[in-house]
Amino acid sequence: MIMSKKTVLGCVLEFKKRYPSTVMWRVKKHSRVIQKHLNPKEKVLYAFAAQKNNDAMNIIDTAVLCVTSERLLIAQDQILYGYSLNSITPEMFNDLQVLSGIFWGKIIIDTVKEVIYFSNLSKKALVEIESIISMYMMEAKKLYPAFDENN
């Protein structure tokens with residue numbers, strides 16, 4: 001497998017260093033899940049970890065979101081066994097919402113099939129995450145032909 005110079009774990013650790021108030025656990029295991037599912041020519045562009053839920057009090061659902069050259073990948077390694085992986089390609093992406101609270105913020109990703117919440121993010125990280133995901137999706141969606149309801 002051809003890997004880019006950036007690793008998922010390396011990006012997550014850089015994020016953690018810049019935004020230490022973000023709540024995240026077991027990032028090495030979650031990052032490994034994404035690294036294992038990367039396509040041969042797929043490059044890691046950006047990654048961060050946060051709680052994959054809509055509840056600021058629930059701090060045990062850490063997941064890693066990775067922006068790659070082809071899609072968004074979201075992974076959670078389960079504590080006892082197995083893992084879960086979501087792959088969001090540009091044509092499945094609908095919208096991104098940012099919410100800033102008293103202590104932390106949330107990113108809400110709306111896709112064709114589901115809504116994904118990332119909570120307990122450092123408020124300072126919200127602008128960076130929104131900018132990177134939005135810019136990536138705007139560029140990536142240009143590569144897909146417009147959907148025509150008449151065909």
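The following exercises, each with a worked solution, concern a predicted model.

**Exercise 1. The surroundings of Arg71**

Determine where Arg71 is placed, whether Arg71 is buried or exposed, and which residues Arg71 is in contact with.

Solution.
- Step 1. Locate the residue in the chain: Arg71 belongs to the loop that runs between β2 (62-68) and β3 (72-77).
- Step 2. Consider accessibility. The relative accessible area of Arg71 is 12%, and buried means under 20%. Arg71 is therefore buried.
- Step 3. List the partners, setting aside neighbours within four places in sequence. Arg71 is in contact with His37, Leu38, Asn39, Glu42, Cys66, Ser87, Ile88, Thr89 and Tyr136.
- Step 4. Look for a polar contact between side chains. One of 3.2 Å links Arg71 with Ser87.

**Exercise 2. The cysteines Cys11 and Cys66**

Establish how many disulfides the structure holds, and explain why Cys11 is not bonded to Cys66.

Solution.
- Step 1. Recall the chemistry: a disulfide is a covalent bond that joins the sulfur atoms of two cysteines.
- Step 2. Take the distance. The cysteine sulfur closest to that of Cys11 is in Cys66, 6.6 Å away.
- Step 3. Apply the cut-off. A disulfide requires sulfur atoms within 2.5 Å. The sulfur atoms of Cys11 and Cys66 are too far apart for a bond because 6.6 Å lies between them.
- Step 4. State the count: the structure holds zero disulfides. Cys66, accordingly, is in no disulfide.
- Step 5. Add the accessibility of each residue. Cys11 is buried at 7% relative accessibility, and Cys66 is buried with a relative accessible area of 0%.

**Exercise 3. Ile74 in its strand**

Find which strand holds Ile74, and state which residues Ile74 is in contact with.

Solution.
- Step 1. Assign the element: Ile74 lies in strand β3.
- Step 2. Check accessibility. Ile74 has 1% relative accessibility and so counts as buried.
- Step 3. Leave out neighbours within four places in sequence. The contacts of Ile74 are Lys52, Ala63, Val64, Leu65, Ser84, Leu85, Asn86, Ile88, Ile116 and Phe118.
- Step 4. Set sequence beside space. Ile74 and Val8 are separated by 66 residues in sequence, and their C-alpha atoms are 11 Å apart.

**Exercise 4. The largest pocket**

Describe the volume and the lining of the largest pocket.

Solution.
- Step 1. Give the volume: the largest pocket contains about 190 Å³ of space.
- Step 2. Name the lining, which consists of Trp25, Arg26, His30, Ile59, Ile60, Asp61, Thr62, Gln76, Asp77, Gln78 and Ile79.
- Step 3. Sort these residues by character: four are nonpolar, four are polar and three are charged.

Key
Residues numbered from 1 in each chain as written. Predicted model: local features only at pLDDT ≥ 70, side-chain atom pairs only at ≥ 80, totals over all residues. Heavy atoms only, no water. Helix = DSSP H or I, 4+ residues; strand = E, 2+ residues; numbered from the N terminus. Buried < 20%, exposed > 50% of the residue type's maximum accessible area, 1.4 Å probe, protein only. Polar contact = N/O pair within 3.5 Å; in protein donor to acceptor, adjacent residues only side chain to side chain. Contact = heavy atoms within 4.5 Å. 1 Å grid on protein atoms, 1.4 Å probe; cavity = no way out; pocket = protein on both sides within 12 Å on 5 of 7 lines; lining within 4 Å. Points joined across faces, edges and corners; volume = space filled by probe spheres on them. Nonpolar A, V, L, I, M, F, W, Y, C, P; charged D, E, K, R; others polar.
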